[in-house]
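Work through these exercises with the model in view. Try each task before reading its solution.

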Amino acid sequence: MQLALRIGNSAENGDSWSNTTEGVAPFRTQILKWVGNKQRFAHEIISHFPRRFGVYHEPFLGAGGVLAVLAPRRAEAADSFAPLCALWQTLKRAPETVKAWYRERFEEFHAGDRVRQYEIIRARYNSNPNAADLLFLSRSAYGGVMRFRMRDGHMSTPCGVHDPIHPETFSRRVDAWVPRIRGTEFFHREYGESFERAREGDVIYCDPPYSHSQAILYGAQSFSQDDLFRCIEKAKRRGVFVALSLDALKKSGKQSCDYEIPRGLFAEEVAVNCGRSMLRRFQMAGQTLEGEVVWDRLLLTHKANHS
């Protein structure tokens, strides 16, 4: 397709692009433990982006795994979950504050019975959702799963059996992340606004909540795939390259997750092996995960030119 060629080749034609996939390599250091985090295989996802492009947009930021691996020079990252956005905004402008948040709650967690202390932190978060408590809960919840009740939005995951990472280890992780998000602006907004801001030559990566498997997670309870497909179609018409992750096959292909994808919306599809599912580990409560491999479908609106 002609548009894909333009996206991939414009840098050689004298145009100035903000971002490149050259030199992207795995980066596995995580800030949050988060279901659906793509960080372990983000470099594979990014390998299907155009080699050079304009602004990078991520409307469903979550744990920011793909963003961290790409380390874009210019990006806009957003999410509809306010405490999560506040965490990323603070990480960029005041990383020492984020370190202090984690250290204070780590010490609180170890000041008494760990389950009781965890429940105190969780209750505080539920009474007043905030970035600081969310951060620690994500690292101490059972299975790393942040489960939210549909009736009131309260986080309900019990305390994990593992010991959360030490504050010194967490501080080193923060230091590793800060330079990787230097070119990113973080926003609390719905995904539609992020799509509207993308222009010709930009890249949007979408990792929306999966309705087949993540109904207990924030954002998945009222998410509309049809609305997302309409946003993608409009962006494609403006010359935006869109990459969309969807869950594909589970239980070694025994269960298929089908979507009604508009015909002609995507030019290419790639299968990405995501390994073992954090959510299934939580749901199966210690049972074997043999056969519980998750595959993602990576759908691309254009065939990127990588030459």
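## Exercise 1: Helix α7

Every one of the residues of α7 is buried, 10 of the 10, so this helix is largely enclosed by the rest of the structure. The model is a predicted one.

**Task.** List the buried residues of α7, and find which helices are included in their cover.

**Solution.**
- Step 1. Locate α7 at residues 131-140.
- Step 2. Read off the buried residues: Ala-131, Ala-132, Asp-133, Leu-134, Leu-135, Phe-136, Leu-137, Ser-138, Arg-139 and Ser-140.
- Step 3. Look at what lies over them. The cover includes α4 (82-93), α5, α6 and α8.

## Exercise 2: Two crossings

**Task.** Decide how α5 is oriented to α7, and how α6 is oriented to α7.

**Solution, α5 with α7.**
- Step 1. Take the axes of α5 (residues 95-109) and α7. They come within 9 Å and cross at roughly 60°.
- Step 2. Classify the angle. α5 and α7 are therefore oblique to each other.
- Step 3. Add the hand: α5 passes α7 in a right-handed crossing.
- Step 4. Name the residues in contact. α5 supplies Val-98, Trp-101, Tyr-102, Arg-105, Phe-106 and Phe-109. From α7 come Ala-131, Ala-132, Asp-133, Leu-135, Phe-136 and Arg-139.

**Solution, α6 with α7.**
- Step 1. Take α6 (residues 114-127) and α7. Their axes are 10 Å apart, and the packing angle is about 135°.
- Step 2. Check the cut-off: over 145 degrees would count as roughly antiparallel. α6 and α7 are therefore oblique to each other.
- Step 3. Add the hand: the crossing of α6 and α7 is left-handed.
- Step 4. Name the residues in contact. On α6 they are Tyr-118, Ile-121, Arg-122, Arg-124 and Tyr-125. On α7 they are Asp-133, Leu-134, Phe-136, Leu-137 and Ser-140.

## Exercise 3: The cores

**Task.** Which residues have the most contacts inside the largest nonpolar core?

**Solution.**
- Step 1. Find the core. The largest nonpolar core has 59 residues.
- Step 2. Pick out those with the most contacts inside it: Leu-32, Phe-49, Tyr-56, Trp-88 and Leu-135.
- Step 3. Ask which helix gives the most to this core. Helix α7 does, with six residues.
- Step 4. Look apart from it for another core. That one has 19 residues, among them Cys-231, Ala-235, Leu-244 and Leu-299.
- Step 5. Follow Trp-88 outward, leaving aside neighbours within four places in sequence. Trp-88 is in contact with Ile-31, Leu-32, Leu-61, Gly-62, Ala-63, Gly-64, Trp-177 and Phe-186.

## Exercise 4: Lys-33 and Ser-171

**Task.** Is Lys-33 buried or partly exposed? Is Ser-171 buried or exposed?

**Solution, Lys-33.**
- Step 1. Place Lys-33 in the loop between β1 (19-20) and α2 (42-46).
- Step 2. Its relative accessible area is 21%. Buried means under 20%, so Lys-33 is partly exposed.
- Step 3. List what Lys-33 touches, not counting residues up to four places away in sequence: Ser-138, Arg-139, Gly-144 and His-162.
- Step 4. Compare chain and space. Lys-33 and Ala-141 are 108 residues apart along the chain, and their C-alpha atoms are separated by 8.8 Å.

**Solution, Ser-171.**
- Step 1. Place Ser-171 in helix α8 (residues 167-177).
- Step 2. Its relative accessible area is 13%, so Ser-171 is buried.
- Step 3. Leave aside neighbours within four places in sequence. Ser-171 is in contact with Lys-99 and Arg-103.

Notes: Residues numbered from 1 in each chain as written. Predicted model: local features only at pLDDT ≥ 70, side-chain atom pairs only at ≥ 80, totals over all residues. Heavy atoms only, no water. Core = buried A, V, L, I, M, F, W, Y, C linked by side-chain atoms within 4.5 Å. Buried < 20%, exposed > 50% of the residue type's maximum accessible area, 1.4 Å probe, protein only. Helix = DSSP H or I, 4+ residues; strand = E, 2+ residues; numbered from the N terminus. Contact = heavy atoms within 4.5 Å. Axes fitted to C-alpha atoms, helices over the stretch in contact; angles between N-to-C directions. Parallel < 35°, antiparallel > 145°, perpendicular 65-115°, else oblique. Left-handed = near helix turned anticlockwise from the far one by under 90°.
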